[in-house]
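Work through the exercises below with the sequence and the model open beside you, and try each task before reading its solution.

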Amino acid sequence: MSAPVVDTALTVINGQGWSCVDFVSDLHLQVSEPATWRAFASYLHQTPAQALFVLGDLFEVWVGDDVLGDPSGDFEREVCDALAQAASRIPIYWLAGNRDFLTGDGFARASGARVLSDPCVLHLMGQDCLLSHGDALCLSDHEYMAFRQQVRQAAWQQAFLARPLVERQALARQMREQSQSRQQAMSEHADVDASQARWWLQNAGARRLIHGHTHRPADHDLGGGMSRMVLSDWCANAQPPRAQVLRWSVDASGGAPGSWQRLNPPAGITLKRT
Ligand code: MN
């Protein structure tokens, strides 16, 4: 077997010096789910992490940054303000998901989030982790892969963003309903393709992939010393409620290389259903 080719074009975040780092994804924040938002807002205030990585789909939908300047954007402004407040304390890294891929410079300015490309590498105490939302790895969902390719094109995005905001909001609702009925019709939801995940890791020179999107939190062994950690989605109204944070931390004794914990919910967060 030839040596893996390391893709030097990948962004590398240097986490040297951090001893506690949090990862979340798929909160699907929306005005109709206030309990989930309250839990996350309270988490943002309290987390002891020195850096937070949001790996996509923080928002249920994002139809363009101009929502922040529109009377209909109260909820989006509130979330961005809370992110900005937290970002003045710790760096918040942002990787867009399939729901909020239209977050742009306006969102980054309003939230203080540092925008990452998907995938990218995080270097933690001698471990290289590859971070992704995960949707680009679900190869068996051909229909979604074709859709993804279309909507990630600059020309498609320019044309979409040129439509009036109300029209985009209506379209997003329509697309969401279609995607929900499609998911109900599917016997099994697409999952991450293991060989593609291994290929990505080899290409990046990393051993651990961390991603969300599939809403199937688990740790998978990919063989060859490689693994894949899947984040949970959040839903405060589910039974039991889901508000899971994946935390990497080094204990006070400095015992390298750090340990991983899944906190559901993280300490200090009470989940009140609505
Ligand atoms: Mn997703």
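The exercises that follow deal with a predicted model, and they move from its sheets to its metal site and its salt bridges.

**Exercise 1. Find the order of the strands in the open sheet that contains strand 13, and say which strands stand at its edges.**

Solution. Begin with the general idea that strands of a sheet pair through backbone hydrogen bonds, either parallel or antiparallel. Following the pairing from strand to strand, you find six strands in the order 5-4-3-2-13-14, and the pairing is mixed. Strand 5 and strand 14 (259-263) each have a single partner strand, so one side of each is left without a neighbour in the sheet.

Next, look at individual pairs within this sheet. Strand 3 and strand 4 run parallel and are joined by four bridges, and in strand 4 the bridge partner of Val54 is Trp94. Strand 4 also pairs in the parallel sense with strand 5 (residues 114-115), over two bridges, where Tyr93 stands opposite Arg114.

Finally, trace how the chain connects these strands. Strand 3, helix 2 and strand 4 make a right-handed β-α-β unit. From strand 4 the chain crosses through helix 3 to strand 5, and this β-α-β crossover is right-handed. Helix 1 (residues 34-46) lies across strand 2 (20-24), strand 3, strand 4 and strand 13 (245-249), and its direction makes an angle of about 150° with strand 3.

**Exercise 2. Decide which way the side chains of Ile92, Tyr93, Trp94 and Leu95 point from strand 4, and whether they are buried or exposed.**

Solution. In a regular strand the side chains alternate between the two faces of the sheet. Strand 4 can be read in this way, with Ile92 and Trp94 pointing one way and Tyr93 and Leu95 the other way. For the second part of the task, all of these residues are buried.

**Exercise 3. Describe the open sheet that contains strand 9.**

Solution. This sheet has six strands in the order 1-6-7-8-10-9, with mixed pairing. Its edge strands are strand 1 (12-14) and strand 9 (218-223), each of which pairs on one side only. If direction is ignored, neighbouring strands of the sheet are turned by 25° against each other on average. At the end of the order, strand 9 and strand 10 (residues 226-230) run antiparallel and are joined by five bridges, with His220 opposite Arg228.

**Exercise 4. Which residues are the protein donors of the manganese ion, and how are they spaced in sequence?**

Solution. The donors are Asp57 (OD), Asn98 (OD1), His133 (NE2) and His213 (ND1), which lie 2.1 to 2.4 Å from the ion. Written as a pattern, their spacing in sequence is D-x40-N-x34-H-x79-H. His133 belongs to the loop between strand 7 (127-131) and helix 4 (142-151), and His213 to the loop between strand 8 (208-211) and strand 9, so this pair ties together parts that are 80 residues apart in sequence. Both His133 and His213 are buried.

**Exercise 5. How many salt bridges does the structure hold, and which parts of the chain are linked by Arg99 with Glu60 and by Arg168 with Asp66?**

Solution. Side chains of opposite charge can pair when their charged atoms come close. The structure holds 14 salt bridges.

Take Arg99 and Glu60 as one case, where the closest N and O atoms are 3.5 Å apart. Arg99 is in the loop between strand 4 (92-95) and helix 3 (105-111), while Glu60 is in the loop between strand 3 (51-55) and helix 2 (74-87), and the two residues are 39 residues apart. Glu60 has a relative accessibility of 7%, and therefore counts as buried. Glu60 and Arg99 are also linked with Arg176 in a network of salt bridges.

Now turn to Arg168 and Asp66, which meet in a salt bridge of 2.7 Å, N to O. Because Arg168 lies in helix 6 (residues 165-185) and Asp66 in the loop between strand 3 and helix 2, the pair ties together parts that are 102 residues apart in sequence. Arg168 counts as buried because its relative accessibility is 2%, whereas Asp66, at 37%, counts as partly exposed.

Note on methods. Residues numbered from 1 in each chain as written. Predicted model: local features only at pLDDT ≥ 70, side-chain atom pairs only at ≥ 80, totals over all residues. Heavy atoms only, no water. Pairing = 2+ DSSP bridges. Axes fitted to C-alpha atoms, helices over the stretch in contact; angles between N-to-C directions. Salt bridge = Lys/Arg side-chain N within 4 Å of Asp/Glu carboxyl O. Buried < 20%, exposed > 50% of the residue type's maximum accessible area, 1.4 Å probe, protein only. Donors = N, O, S within 2.8 Å, 3.2 Å for Na, K, Ca; no water. Right-handed = clockwise from strand over helix to strand, strands pointing away. Contact = heavy atoms within 4.5 Å.
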